[in-house]
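Me: I would like to learn how to read a protein model slowly and carefully, one question at a time. Could we look at one together?

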Amino acid sequence: MASHQSHSDGSSSCSRSLSFAQAPLVKCFHEEEAPLRVVRFNGPTVGKRFYGCAHWPEVDEIVELQQKMFEKVVNIAMLQMENDMLERTNERLEKDVAELAIENTETKEIIGSARADRKWVAFLVFSWVFFSFILLLNKK
């Protein structure tokens, strides 16, 4: 900030302010000389002087880009978490499908066995009916 200095020796008063040329050397966070600027936006500080960054327009762009980059990093992290969750879900589903395939195979074996049993039962019933029919024919 520019400073106004006023000195008083009792009998007279003298006031002086630093001009732009007399301003002390101030460095911005880029370690470069910070230019003395004037507030131009309407408000309570309009017309006041301040030391700004030598890269001021670039700094705003850098901050904006850093913010966008941060948002992208957060988005990537969220997508990675979602991807991990989906991979775990996929692994569980693959395990369930494998278990169902085993159960399906076992069920097919049971059904096949039941069909074979029915065939034997049908064969036995048919043979008893045939045998009974033969016996009836022989009795006559």
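What follows is a set of questions and answers on this model.

Me: What kind of model is this, and from which number are residues counted along each chain?
Reply: This is a predicted model, in which local features need pLDDT of at least 70 and side-chain atom pairs count only at pLDDT 80 or more, while totals for chains, interfaces and linings use all residues. Side-chain values use heavy atoms, with hydrogens and water left out, and residues are numbered along each chain, as its sequence is written, from 1.

Me: In what pattern do the helix and the strands follow along the sequence?
Reply: Helices (H or I, at least four residues) and strands (E, at least two) are DSSP runs, numbered from the N terminus. The chain has four strands and one helix. Read along the sequence, the pattern is β-β-β-β-α.

Me: What percentage of the 140 residues in the chain is buried?
Reply: A residue is called buried under 20% relative accessible area, exposed over 50%, and partly exposed in between, with a 1.4 Å probe and protein chains only. Of the 140 residues in the chain, the buried ones make up 6%.

Me: Which residues make up the largest nonpolar core?
Reply: A nonpolar core is a set of buried Ala, Val, Leu, Ile, Met, Phe, Trp, Tyr and Cys residues joined through side-chain atoms within 4.5 Å. One member of the largest core, Ala-34, is in contact (heavy atoms within 4.5 Å) with Val-26, Lys-27, Cys-28, Tyr-51 and Gly-52, leaving aside its neighbours within four places in sequence. The largest nonpolar core has five residues in all, namely Cys-28, Ala-34, Leu-36, Tyr-51 and Cys-53.

Me: Why are Cys-28 and Cys-53 not joined by a disulfide, and how far is the sulfur of Cys-53 from that of Cys-28?
Reply: A disulfide is a covalent bond between the sulfur atoms of two cysteines, and here the term is applied to a pair of cysteine sulfur atoms within 2.5 Å. The structure holds zero disulfides. Cys-28 is buried at a relative accessible area of 9%, and Cys-53 is also buried, at 12%. The two are not bonded because their sulfur atoms are too far apart for a bond, at 3.8 Å.

Me: How far apart are the C-alpha atoms of Phe-50 and Val-39?
Reply: Phe-50 lies in strand β4, residues 49–51, and counts as partly exposed at 31% relative accessibility. Leaving aside neighbours within four places in sequence, its contacts are Pro-35, Leu-36, Arg-37, Val-38 and Val-39. Phe-50 and Val-39 are eleven residues apart along the chain, and their C-alpha atoms are separated by 7.6 Å.

Me: With which residue does Lys-68 form a salt bridge?
Reply: A salt bridge is a side-chain nitrogen of Lys or Arg within 4 Å of a carboxyl oxygen of Asp or Glu, and the structure holds one. Lys-68 and its partner are four residues apart in helix α1, so about one helical turn separates them. Lys-68 is partly exposed at 41% relative accessibility, and the closest N and O atoms of the bridge are 3.6 Å apart, the partner being Glu-64.

Me: Where does Glu-31 lie, and what is its phi?
Reply: Glu-31 lies in the loop between β2 (13–17) and β3 (36–38), and at 59% relative accessibility Glu-31 counts as exposed. Although Glu-31 is not a glycine, its phi is positive, at about 65 degrees.

Me: In which helix is Leu-135 found?
Reply: Leu-135 is partly exposed, with a relative accessible area of 43%. Leu-135 is found in the helix that covers residues 56–139, helix α1.
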